[in-house]
Amino acid sequence: QVQLVESGGGLVQPGGSLRLSCVASGSIFSINDMGWYRQAPGKQRELVAVMTSGGSTRNVDSVKGRFMISRDNAKNTVYLQMNSLKPEDTAVYYCKADIRVPGRDYAMGYWGKGTLVTVSS
């Protein structure tokens, strides 16, 4: 069984910073893409940033220059450094990873339960 657990969310003032972490654990053969999504109240879930196992990244335009994704493949962990936070960044942030488990010859997407980020003065 595979689990993804996020941490690092909380309340921060506009202009502040937070660092989110997500650890994948369980029976894992390999991990392809790892990334972060967010869902604000009343809105659809959207991609924030994703990183391939080779280190290529893709960010949504609204966070470019402010958020940076990174990962530690040895620890099955992905991070999201969020700087210059704005009230519109308020959302539940979800981690997603495309994971191949032993005995399966393809990867499947797994989600964490999310961590709330609130940007408010």
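Student: In what order do the strands of the open four-stranded sheet follow one another?
Tutor: The pairing in this sheet is antiparallel; two strands pair if DSSP finds at least two bridges between them, and strands (E, at least two residues), like helices (H or I, at least four residues), are DSSP runs numbered from the N terminus. The model is predicted: local features need pLDDT of at least 70, side-chain atom pairs count only at pLDDT 80 or more, and totals for chains, interfaces and linings use all residues. Residues are numbered from 1 along each chain as its sequence is written, and side-chain values use heavy atoms, with hydrogens and water left out. The order of the four strands is E1-E3-E8-E7.

Student: By what angle are neighbouring strands of this sheet turned against each other on average?
Tutor: The sheet is bounded by the edge strands E1 (2–7) and E7 (67–72), each of which pairs on one side only. Axes are lines fitted to C-alpha atoms, for helices over the stretch in contact, and angles run from 0 to 180 degrees between N-to-C directions. With direction ignored, the average turn between neighbours is 15°.

Student: Which residue in E8 is the bridge partner of Ser21?
Tutor: Ser21 belongs to strand E3, and E3 (residues 18–26) runs antiparallel to E8 (residues 77–82), with six bridges joining them. Ser21 has a relative accessible area of 17% and is buried, the classes being buried under 20%, exposed over 50% and partly exposed in between (1.4 Å probe, protein chains only). Leaving aside residues up to four places away in sequence, the contacts of Ser21 include Val5, Trp36 and Val78, contact meaning heavy atoms within 4.5 Å. The bridge partner of Ser21 in E8 is Tyr79.

Student: Which residue lies over the face of Tyr79?
Tutor: Tyr79 is part of strand E8 and counts as buried at 15% relative accessibility. A charge sits over a ring if NZ of Lys or CZ of Arg is within 6 Å of the ring centre and within 35 degrees of the ring normal. At 4.0 Å from the ring centre of Tyr79 lies Arg19.

Student: Which residues make up the uncovered face of E7?
Tutor: In a regular strand, side chains alternate between the two faces of the sheet. The covered face of E7 carries Phe67, Ile69 and Arg71. The uncovered face carries Met68, Ser70 and Asp72.

Student: Which residue in the turn between E7 and E8 has a positive phi?
Tutor: E7 and E8 are antiparallel partners over six bridges, with Phe67 bridged to Met82 in E8. The two strands form a hairpin with four residues between them. The turn residue with a positive phi, about 50°, is Asn76.

Student: Why is the disulfide of Cys22 and Cys95 described as left-handed?
Tutor: The structure holds one disulfide, a disulfide being a pair of cysteine sulfur atoms within 2.5 Å; the sulfur atoms of Cys22 and Cys95 are 2.1 Å apart. Cys22 lies in strand E3 and Cys95 in strand E9, so the pair ties together parts that are 73 residues apart in sequence. Both cysteines are buried. The disulfide is left-handed because the torsion about its S-S bond is about -80°.

Student: What is the angle between the ring planes of Tyr94 and Trp111?
Tutor: Rings of Phe, Tyr and Trp (its six-membered ring) pair if their centres lie within 6.5 Å; planes under 30 degrees apart count as stacked, over 60 as edge-to-face and the rest as tilted. Tyr94 and Trp111 are an edge-to-face pair, 6.5 Å centre to centre, with an angle between the planes of 80°.

Student: Which residue joins Tyr94 and Trp111 in one aromatic cluster?
Tutor: Tyr94 is buried at 13% relative accessible area, whereas Trp111 is partly exposed at 36%. The charged end of Arg45 sits over the ring of Trp111, 4.7 Å from its centre. The aromatic cluster of Tyr94 and Trp111 also contains Tyr37.

Student: Which residue of the hairpin of E5 and E6 takes a positive phi?
Tutor: E5 (residues 46–51) pairs antiparallel with E4 (residues 30–39) over five bridges, and with E6 (residues 57–59) over three bridges, also antiparallel. Met51 stands opposite Thr57 in E6. The hairpin of E5 and E6 has five residues between the strands, and the residue there with a positive phi, near 105°, is Gly55.
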